[in-house]
Amino acid sequence: MNVAQNIVAGLDRILTMELVRVTERAAVAAARLRGRGDEKAADQVAVDAMREELNRLAIKGTVVIGEGERDEAPMLYIGEEVGTGKGPAVDIALDPLEGTTICAKNLPNALAVIAIAEKGSLLFAPDVYMDKIAIGPGYAEGVIGIDASPAENIAGLARAKGVPVSEITACILDRPRHGRLIEAVRATGAAIRLIGDGDVAGVIHTTDPEETGIDIYLGTGGAPEGVLAAAALRCTGGQMQGRLILDTPEKVARAARMGISDPKRVYRAQDMARGDVLFAATGVTDGNMLDGVKFGPTYITTHTIVLRSSSRTVREIKARHQDLEKF
């Protein structure tokens with residue numbers, strides 16, 4: 001067996017259940033603080049739980065998308081090494097609580113999210129904004145383009161889907177910076193689903209429009225979240241384009257230190273998450289695709305999706321945990 005086969009076999013073993021346990025642990029920890037109004041506390045318990053579970057995995061893992069740089073984040077910082085040190089060398093992108101405000105307010109679509117890929121396969125993205133556009137699977141390349149206007153993208157998607165523009169729904173973060181974008185999309189006659197936070201979930205929702213009602217994602221959000229979303233789209237066959245917003249000399253310099261030499265480059269999903277990619281997400285609060293954690297009298301239930309790029313496999317796992325001590 002060669003090195004590449006060894007790596008794939010290692011990812012297979014992670015996929016069997018270990019990766020699920022990582023997001024389940026983080027989701028349950030965060031869910032205990034739903035609706036309590038304390039974003040930092042909810043995020044911290046999710047980080048602690050995810051880190052503890054990651055360190056049980058038989059991997060040589062390096063966090064490339066994490067909670068921040070080492071001096072800013074006490075745990076799961078960019079560059080941190082996790083795992084037992086025995087097993088395949090992998091890149092890890094994670095967000096122990098995607099949607100901290102959502103969780104604090106007990107609103108829909110808070111998630112615990114992680115992606116794992118072969119070493120050197122995930123974009124080492126700085127913590128800046130990224131302009132993004134994404135659609136789900138089943139469309140020819142070129143249907144959307146980050147440099148096309150919102151009207152052109154909406155019209156092109158409607159033609160490809162074989163429906164009038166009025167049947168297209170775009171997901172956009174509800175931010176003042178998106179005022180003109182929202183106006184432009186509404187002028188086409190398309191509908192908009194505004195979300196307060198959670199743009200990883202927003203992008204993922206384009207992969208199943210019949211279930212979520214979302215056809216396209218548009219707008220700017222965090223670049224680290226863009227890499228996580230790209231990992232999910234790699235596994236489902238969706239399309240995504242992103243461009244880092246490096247609008248100050250400091251941001252350009254920071255990106256250069258992370259190996260980004262072309263600040264205007266347009267990244268596709270396959271550029272941000274290359275090779276064999278695994279992605280898992282567990283619902284913290286109820287959402288369009290995943291149920292949130294439920295606490296019963298003698299058990300806890302979780303709802304997780306696990307995706308793999310090489311096989312385009314989507315596994316949906318609804319688990320009842322009766323051994324409460326593991327949480």
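Which residue in E10 is the bridge partner of Gln241? The partner is Arg268. This report starts from that pair and works outwards. Keep in mind that the model is predicted.

## The open sheet

Gln241 and Arg268 help us find two paired strands. Strand E9 covers residues 239-244, and it pairs with E10 in the antiparallel sense. The pairing runs over 2 bridges. Strands of a sheet pair through backbone hydrogen bonds, either parallel or antiparallel.

E9 and E10 belong to an open sheet of 6 strands. Read across the sheet, the order is E7-E6-E8-E5-E9-E10. The pairing in this sheet is mixed. Its edge strands are E7 (191-195) and E10 (267-268). Each of these two pairs on one side only.

## The loop before E10

Look at the loop between helix H9 (249-257) and E10. Lys264 is found there. Is Lys264 buried or exposed? Its relative accessible area is 67%, so Lys264 is exposed. Now compare its position with that of Leu111. The two residues are 153 apart in sequence. In space, their C-alpha atoms are 30 Å apart.

Arg265 forms a salt bridge with Asp271 through their side chains. The N to O distance is 3.6 Å. Asp271 counts as buried because its relative accessibility is 13%, under the 20% cut-off. Arg265 is partly exposed, with a relative accessible area of 36%.

## A network of salt bridges

How many salt bridges does the structure hold? There are 16 salt bridges. Some of them link up. Arg25, Glu52, Glu53 and Arg56 are joined in a network.

Start with Glu52 and Arg25. Their side chains meet in a salt bridge at 3.3 Å, N to O. Glu52 lies in helix H2 (residues 39-54), while Arg25 lies in helix H1 (residues 3-31). The pair therefore ties together parts that are 27 residues apart in sequence. Arg25 counts as buried, at 10% relative accessibility. Glu52 is partly exposed, with a relative accessible area of 42%.

Glu52 also has a salt bridge to Arg56. Here the N to O distance is 3.1 Å. Is Arg56 buried or exposed? At 52% relative accessibility, Arg56 counts as exposed, because exposed means over 50%.

## A hairpin

Next, turn to strands E13 and E14. E13 spans residues 300-308, and E14 spans residues 313-321. The two strands run antiparallel, and 9 bridges join them. One of the residue pairs is Thr304 with Ile317, its bridge partner in E14.

E13 and E14 form a hairpin. Between them lie 4 residues. Arg312 is in the turn, and this residue has a positive phi of about 50 degrees.

## A negative patch

Which residues gather in a patch of negative charge on the surface? They are Asp208, Glu210, Glu211 and Glu316. Glu316 falls within the residue range of E14, 313-321. Glu211 is found in helix H7, which covers residues 209-212. Glu211 has 52% relative accessibility, so this residue counts as exposed.

Key
Residues are numbered from 1 along each chain as its sequence is written. This is a predicted model: local features need pLDDT of at least 70, side-chain atom pairs count only at pLDDT 80 or more; totals for chains, interfaces and linings use all residues. Side-chain values use heavy atoms; hydrogens and water are left out. Patches are made of residues with over 30% relative accessible area and no salt bridge: like charges are joined within 9 Å, nonpolar side chains (Val, Leu, Ile, Met, Phe, Trp, Tyr) within 5 Å. Accessible areas come from the Shrake-Rupley method with a 1.4 Å probe; for residues, only the protein chains shown count as cover. A salt bridge is a side-chain nitrogen of Lys or Arg within 4 Å of a carboxyl oxygen of Asp or Glu. Lys and Arg count as positive and Asp and Glu as negative; His and the chain ends are not counted. The place of a charge is taken as NZ of Lys, CZ of Arg, CG of Asp or CD of Glu. Buried means under 20% relative accessible area, exposed over 50%, partly exposed in between (1.4 Å probe, protein chains only). Two strands pair if DSSP finds at least two bridges between them.
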